[in-house]
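Got the viewer open? Let's take a short walk through this one, selecting as we go.

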Amino acid sequence: MKNLLITLVLLTLPLIGISQACSVNKCVNQSAAASVTSPQPGYSYNWTISPALVFVGQGSSAINIPSVGNILQAYTVSCSVAASNGCDTTITCTINVSTTAAQLTLPSICKDNGLVDLTQYATPPGGTFSGTGVIGNLFNPAAGSSNITYSVVATNGCSGSAVGLITVLPTPQPGVIQIN
């Protein structure tokens, strides 16, 4: 029986791009860019995004994503990097799309109510109000019915706004009491 000598040669690529899990947060409709951190001459780059997003730069070491869309979900961005020697590797990163959903639910109020604190009708807290009759967080019913805008920037950096109508109702005119 003859001894057979097997030599195993491992070809390795130098570290290409992201070597650990990557996760990035973006706001709805925000743009994004992805790039391989250590591009090498002669390497080929094949990008995919799942679920699909439109991007520019296929074949290069960097891509631009004009918009991450308005669907709150996670996208996996992958780049398959291949060297001319036939070795390849795939690197990935996740884009988490989030938003700030500003809500404004305004009541009907009587003209004689006095100043109305708008903060009780808006979520999430911490935003700013604007519109006719608005002074800070207060609304003056003397201004009459008005469209009010509530704008907020959340801790995740995303911004949102909502518009609502505050209806000012007239004060009843009771007439005169007459006693006979």
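Which strands form an open sheet, and in what order? Look for three of them, running β9-β13-β12, with antiparallel pairing. Keep in mind that you're looking at a predicted model.

Select residues 116-117 and then 134-135: those are β9 and β12, the edge strands, and each of them pairs on one side only. Now add residues 138-139, strand β13, which runs antiparallel to β9 and is joined to it by two bridges. Zoom in on Val116 and you'll find Phe139 of β13 standing opposite.

Next stop: the largest pocket. There's about 220 Å³ of space in there. To centre your view, pick Cys22, Ala33, Ala34, Ser35 and Cys93, which are the closest to the pocket's centre among its 17 lining residues. Then colour β1 (23-27), β2 (32-35), β5 (74-82) and β6 (88-98), the elements that each give two or more residues to the lining. What classes of residue make up that lining? Colour by class and you'll get 13 nonpolar residues, three polar ones and one charged one.

Now zoom out to the whole chain. Switch to cartoon and you'll see zero helices and 15 strands. Of the 180 residues in the chain, 28% are buried. Put the surface on: about 11500 Å² is exposed, with carbon and sulfur atoms supplying 55% of it. Last, turn on contacts: taking those with a separation of 6 or more, 53% are between residues 24 or more positions apart.

Key. Residues numbered from 1 in each chain as written. Predicted model: local features only at pLDDT ≥ 70, side-chain atom pairs only at ≥ 80, totals over all residues. Heavy atoms only, no water. 1 Å grid on protein atoms, 1.4 Å probe; cavity = no way out; pocket = protein on both sides within 12 Å on 5 of 7 lines; lining within 4 Å. Points joined across faces, edges and corners; volume = space filled by probe spheres on them. Helix = DSSP H or I, 4+ residues; strand = E, 2+ residues; numbered from the N terminus. Nonpolar A, V, L, I, M, F, W, Y, C, P; charged D, E, K, R; others polar. Buried < 20%, exposed > 50% of the residue type's maximum accessible area, 1.4 Å probe, protein only. Contact = heavy atoms within 4.5 Å. Areas by Shrake-Rupley, 256 points an atom, 1.4 Å probe, with all protein chains shown as cover. Pairing = 2+ DSSP bridges.
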